[in-house]
Amino acid sequence: MATYIVLLGPPGVGKGTQAKILSETKKLAHISSGDLFRENLKNQTELGKTAKSFMDKGELVPDDVTIAMIKDRLSRPDCATGAILDGFPRTPAQADALEAMLKEFKGSVSAVPFISAAENILIERASGRWTCKAQGHIYHEKFSPPKQAGVCDFDGSEIYQRDDDKVETVAKRIRVYLEQTMPLVDHYRKAGKLIEIDGSQSVEQVTKALFDALVQQT
Ligand code: AMP
């Protein structure tokens, strides 16, 4: 049976960092909806052009576009044993669509770690975040800078600040998250799949809490 893990949490809480660690350790594909949109943007596809105006404002890309993109990604062979979903679903309609597509693939959501932290921590983390251009490795100017300024430790590519990681846009993204994504916490709690993780801890502590909880759930 395939393992599908949905990571829930506000922008800046460290979902992307933990998703990368989980995906490498559990040997499951890492599917980040934000990374997929950014890749489309870089390649100037029609999808990228559609997504850009929403992303720049800190708003969600419409459900139909997002769902089609994820369905296409989940259909690829590297997802046959499951996936770590990072940033999707983000609305109740997306959660319903995910359930339907996993049913088609003869699977279901295995566990939903929900990583949370206070708003001041989220703003500090997201607005100090720098991302590697080649593979999306994540740094923080204060907490985890690269060895050489501006250069990724892993692949030597340039690191940059995402436009939507500027303070004003981060605050907007947190508001959007509270309105549109928070209902999913209740949804997955009722389904008995929610695992609550304190995201204010260090990266290592969050990873340990995640793995300890997942051993019991998956
Ligand atoms: P992220 O990298 O997850 O913070 O996502 C960056 C931006 O991509 C978000 O602010 C949205 O504009 C868009 N995005 C990512 N995932 C989704 C999603 N599941 N539904 C709608 N928009 C999304």
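This text goes through a predicted model of one protein chain, from its overall dimensions to its helix packing, cysteines and selected residues.

The protein chain has eight helices and eight strands. Its C-alpha trace spans about 45 × 40 × 35 Å along the principal axes. For 218 residues, a compact globule would have a radius of gyration near 17 Å, and the 16 Å of the protein chain agrees with this. Of the 218 residues, 46% are buried. The contacts can also be sorted by sequence separation. Among those between residues at least 6 apart in sequence, 72% join residues at least 24 apart.

Helix 2 shows how one element is placed among others. It covers residues 33-42, and its buried residues are Ser33, Gly34, Leu36, Phe37, Arg38 and Asn40. What do the buried residues of helix 2 pack against? Their partners are three strands and two helices by name: strand 2, strand 3, strand 7 (159-160), helix 3 and helix 4 (63-74). Helix 2 is followed by Gln44, which has a positive phi near 50 degrees. Gln44 lies in the loop that runs from helix 2 to helix 3 (46-57). With a relative accessibility of 60%, Gln44 counts as exposed, since the cut-off for that class is over 50%.

Lys27 is another residue other than glycine with a positive phi, in this case near 55 degrees. Lys27 sits in the loop between helix 1 (15-26) and strand 2 (29-32). The relative accessible area of Lys27 is 68%, so this residue is exposed.

A backbone feature of another kind occurs at Phe88 and Pro89. These two residues are joined by a cis peptide bond, with omega about 0 degrees. Pro89 belongs to the loop between strand 3 (82-86) and helix 5.

Helix 5 leads on to a helix pair. Two packed helices are described by the angle between their axes and the distance between the axes. Helix 5 (residues 92-104) packs with helix 7 (residues 167-190) at an angle of about 50 degrees, and the axes are 8 Å apart. The two helices are therefore oblique to each other, because an angle of about 50 degrees is neither under 35 degrees, as for roughly parallel, nor within 65 to 115, as for roughly perpendicular. On the helix 5 side, the contact is made by Pro92, Ala95, Leu98 and Glu99. Helix 7 contributes Gln180, Pro183, Leu184, His187 and Tyr188. Sorted by class, the contact of helix 5 with helix 7 has six nonpolar residues, two polar ones and one charged one.

The cysteines come next. A disulfide is a covalent bond between the sulfur atoms of two cysteines. How many disulfides does the count come to? The count is zero. For Cys152, the closest cysteine sulfur is that of Cys132, at 3.9 Å, which is too far for a bond because the sulfur atoms of a disulfide have to be within 2.5 Å. Cys152 is buried, at a relative accessible area of 3%.

Cys79 is buried too, with a relative accessible area of 2%. Its place is in the loop between helix 4 and strand 3. Cys79 and Ala29 are 50 residues apart along the chain, yet their C-alpha atoms are separated by 5.9 Å. Apart from neighbours within four places in sequence, Cys79 is in contact with Tyr4, Ala29, Ile31, Arg73 and Leu74.

Cys152 also appears in the surroundings of Tyr139, a residue of strand 6 (residues 138-140). Is Tyr139 buried or exposed? Its relative accessible area is 5%, so Tyr139 is buried. When neighbours within four places in sequence are set aside, the contacts of Tyr139 include Gly128, Arg129 and Trp130. Further contacts of Tyr139 are Ser144, Pro145 and Pro146, along with Cys152, Asp153, Phe154 and Ile159. Tyr139 can also be placed relative to Thr17: the two are 122 residues apart in sequence, and their C-alpha atoms are 9.2 Å apart in space.

Note on methods: Residues numbered from 1 in each chain as written. Predicted model: local features only at pLDDT ≥ 70, side-chain atom pairs only at ≥ 80, totals over all residues. Heavy atoms only, no water. Axes fitted to C-alpha atoms, helices over the stretch in contact; angles between N-to-C directions. Helix = DSSP H or I, 4+ residues; strand = E, 2+ residues; numbered from the N terminus. Parallel < 35°, antiparallel > 145°, perpendicular 65-115°, else oblique. Contact = heavy atoms within 4.5 Å. Nonpolar A, V, L, I, M, F, W, Y, C, P; charged D, E, K, R; others polar. Buried < 20%, exposed > 50% of the residue type's maximum accessible area, 1.4 Å probe, protein only. Rg over C-alpha atoms; globule rule 2.2 N^0.38 Å.
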